[in-house]
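Please look through the structure shown here with its cysteines, its nonpolar cores and one of its helices in mind.

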Amino acid sequence: MKIGVLCSYKFPEGMAPSIRILSYCRGLVENGVNVEIHSFSPVIQGSNQQLNGTIDGVKYQLSTYRKNDANTLIGTVEHQWRKIICLSNVIKSHRQQKIDYLFLSFDKISLLFFFAPILYIFGIKLLFIGDEFPEPIRKLRSSVPKSQLLLYRIIHKLLCGRILMTNELKKFYDEQVCPKPTFILCSVVKTSRFTNVVKSDYIDRPYLCYMGNMMIAKDNIDNIIDAFSIVSEKFPQYELRLYGTPNKDDLAFVQKCIEKHGLSDRVKIMGRADFGEVPQILCDATILLTSQPITKRAAGGFPTKLAEYMLSHTPAIVTNVGEIHNYVKDGEQVYMVPPCNPIKYAEKIEYILTHPKESRAVSDNAYQLAMTEFNAKVATQGLVEFLNRI
């Protein structure tokens, strides 16, 4: 079987979407599938990034280079050209060896209408793969406009199936777009990244850790900062480290929240962690933190970072939103708190810090569950079976 993934994310390294794609692609390779990733993300000229290569058995093909200082008009033209080059690369690969299934890893209507009809004509079976509601729900609206749903219904008729992260997403697409055979692929991770990672002998200062994109609409970091401020005086030896690359507005919001509590010397914005450094950073932390608000967006998603948190042997706190409770339980694999409640969050931080033996047992349980439930090879074995059925 040959599977292609078409996306707009950077490779081989990138943010959470890139890591997720690489994780399930590696799992597919481990299940004997020939996998290749085609991305039309821009590659900056002079960055030493190759346009094609192989990583852990997964082949990837990028489109073209672009100048870093390109103006808006040139950038728009280059973007269209990259899409054409990427489409050509997919068709060329299909002619060399038939692509049995191609995953479309984007939900933007203009992109779906650009790629899907042509690839459908070439006889490639198309599946949509998604881990969140489409816009405008991602921008915290409660619904998708009827006109947008109509366009989704038209283009999704060309698909032979969907691969979604949650049952809530399946319900949305089946009821509001059109029913299609669907496989639920929750959080997946390459577990071998964590198998030989142990806590460092020396850490300059013990820390609590959040790692993500620091997008306030998705992860309400202020809830974490507020909770840390409540326990900060009782546990003065700890600092809070925030890893991520927020946009300008979100960064200003986070900085304002830190300053409000007078925690500039205790809460550190660390920037983006390199891919290879992530396991050690998570392992060395005392507690791993994540927080999501009560939104329609959160109801349809699943924190992809949770699987990595669980593999680190570090106790983690999560907010009980979406379908998290279907996979983990409070006090067994993680510590769970209600969303948007910094007092309860602070109480859980204090409990973990004052019950180290119990928290180690919980984090060990989390590791064992993640090794099976979120293991890329195990999860994608079911995906291969699903593809064979459709």
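The sulfur of cysteine 7 lies 7.6 Å from the closest cysteine sulfur, that of cysteine 86, which is too far for a bond, a disulfide being a pair of cysteine sulfur atoms within 2.5 Å. Cysteine 25 is likewise unpaired, because its sulfur is 8.5 Å from the closest cysteine sulfur, in cysteine 7, and by this rule the count comes to zero disulfides. Cysteine 7 has 0% relative accessibility and so counts as buried (under 20% relative accessible area, with a 1.4 Å probe and protein chains only).

This is a predicted model, in which local features need pLDDT of at least 70 and side-chain atom pairs count only at pLDDT 80 or more, whereas totals for chains, interfaces and linings use all residues. Residues are numbered from 1 along each chain as its sequence is written, and side-chain values use heavy atoms, with hydrogens and water left out.

The largest nonpolar core (buried Ala, Val, Leu, Ile, Met, Phe, Trp, Tyr and Cys residues joined through side-chain atoms within 4.5 Å) has 94 residues, and Leu6, Leu104 and Leu119 have the most contacts inside it. A second, separate core of 30 residues includes Cys7, Tyr60, Ile129 and Val188.

Helix α13 (a DSSP run of H or I, at least four residues, numbered from the N terminus) covers residues 376-389, and its end C-alpha atoms are 20 Å apart, in agreement with the 20 Å that its 14 residues should span at 1.5 Å a residue. Among its buried residues are Ala376, Leu383 and Phe386. Asparagine 375 caps the N-terminal end of α13, with a side-chain oxygen 2.9 Å from the backbone nitrogen of lysine 377.

Conventions. Buried < 20%, exposed > 50% of the residue type's maximum accessible area, 1.4 Å probe, protein only. Helix = DSSP H or I, 4+ residues; strand = E, 2+ residues; numbered from the N terminus. Expected span 1.5 Å × (residues − 1). Polar contact = N/O pair within 3.5 Å; in protein donor to acceptor, adjacent residues only side chain to side chain.
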